[in-house]
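Colleague: Please take a close look at a single part of this model and walk me through it slowly. I am in my first year, so plain wording would help.

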Amino acid sequence: MLYVGDFETTKNPDGSMRVWLSDICAIAEPYEHYTFTSIEDTFEWLAEVKPEAVYFHNLKFDGSYIMSYLNDAGYKFTDNRKLMPGQYNFLVTDRNIWFLGAICWEDGTVTQIRDSLKKIPLPVRKIAEFYFLPCSKGEIDYNKDRPIGYEPDKKEIDYVKRDTEIVARALNTHFDRGMTGLTMPADAMNEYKRGVSFERMFRNQILSHASRR
């Protein structure tokens, strides 16, 4: 199963950063959500479910929290492509561009951590508009004090769910069209090889959505 994840973070009194809210949304109807109030609870669920892959929209941001958690949890970073149980890796260029990560759970199952921003290079708000989705990005108070133990309210939970579902719905549109590459250029190349105009596909998609309005 494929999912989209998102972290909401805040600063602790000592200056360190903490995940205070997260959501994981399935990339398939009915777009089920799994919401947590810590990164520890998030990874407890991931370690149990062991999904094929989880997409984060801007892996450079979320990936830093993932690496920090894995290190604290005893997972070991490795440059090897073949992972052993309890190991993880990330493909990051010398220009700090994050492409892909992978976690090998204790039973040997591997979950990939992918960057949806590399497939859909738009902010979440623009994705909802471009794909004419039935949900739009919400708003919360980003500067609100959220101490350890803070319980998110309904508006905050709705906010993070909107973020993951917008990306999940857009990715599902890509997958339905056979666009399964890790990046937008990879999708374009695959369509070119199949003799299909990538530009025409997107133009037809926009016209199709517009006609439904």
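Modeller: Glu44 sits in helix 1. The model is a predicted one, and the place to begin is this helix, which covers residues 39-49. Glu44 has a relative accessible area of 56%, so it counts as exposed. On the surface, Glu44 belongs to a patch of negative charge together with Glu40, Asp41, Glu48 and Asp72. Helix 1 supplies 4 residues of that patch, the largest share.

Trp45 also belongs to helix 1. Its relative accessible area is 14%, and because buried means under 20%, Trp45 is classed as buried. What does Trp45 touch, leaving aside residues up to four places away in sequence? The contacts of Trp45 are Tyr3, Ile24, Tyr34 and Phe36. For one of these, Tyr34, there is also a distance: Tyr34 and Trp45 are 11 residues apart in sequence, and their C-alpha atoms are 8.8 Å apart in space.

After the helix comes Lys50, in the loop between helix 1 and strand 4, the latter being residues 53-56. Lys50 is not a glycine, yet its phi is positive, at about 55°. With a relative accessible area of 25%, Lys50 is partly exposed. On the other side of strand 4, the loop leading to helix 2 (59-72) holds Asn58. Asn58 likewise has a positive phi without being a glycine, and the value is near 95°. Its relative accessibility is 31%, so Asn58 counts as partly exposed.

Now to the loop between strand 2 (17-26) and strand 3 (33-36), where Pro30 is placed. The peptide bond that joins Glu29 and Pro30 is cis, with omega at about 10°.

One further glutamate is worth setting beside Glu44. Glu8 is part of strand 1, residues 2-11. Glu44 is exposed, whereas Glu8 is buried. Which side chain of opposite charge is nearest to Glu8, and how far away is it? It is Lys137, at 6.2 Å, and Glu8 has no salt bridge. A salt bridge calls for a side-chain nitrogen of Lys or Arg within 4 Å of a carboxyl oxygen of Asp or Glu. Leaving out residues up to four places away in sequence, Glu8 touches Arg18, Val19, Trp20, Leu21, Ile140, Tyr159, Val160 and Asp163.

Technical notes. Residues are numbered from 1 along each chain as its sequence is written. This is a predicted model: local features need pLDDT of at least 70, side-chain atom pairs count only at pLDDT 80 or more; totals for chains, interfaces and linings use all residues. Side-chain values use heavy atoms; hydrogens and water are left out. Patches are made of residues with over 30% relative accessible area and no salt bridge: like charges are joined within 9 Å, nonpolar side chains (Val, Leu, Ile, Met, Phe, Trp, Tyr) within 5 Å. Accessible areas come from the Shrake-Rupley method with a 1.4 Å probe; for residues, only the protein chains shown count as cover. Lys and Arg count as positive and Asp and Glu as negative; His and the chain ends are not counted. The place of a charge is taken as NZ of Lys, CZ of Arg, CG of Asp or CD of Glu. Helices (H or I, at least four residues) and strands (E, at least two) are DSSP runs, numbered from the N terminus. Buried means under 20% relative accessible area, exposed over 50%, partly exposed in between (1.4 Å probe, protein chains only). Contact means heavy atoms within 4.5 Å.
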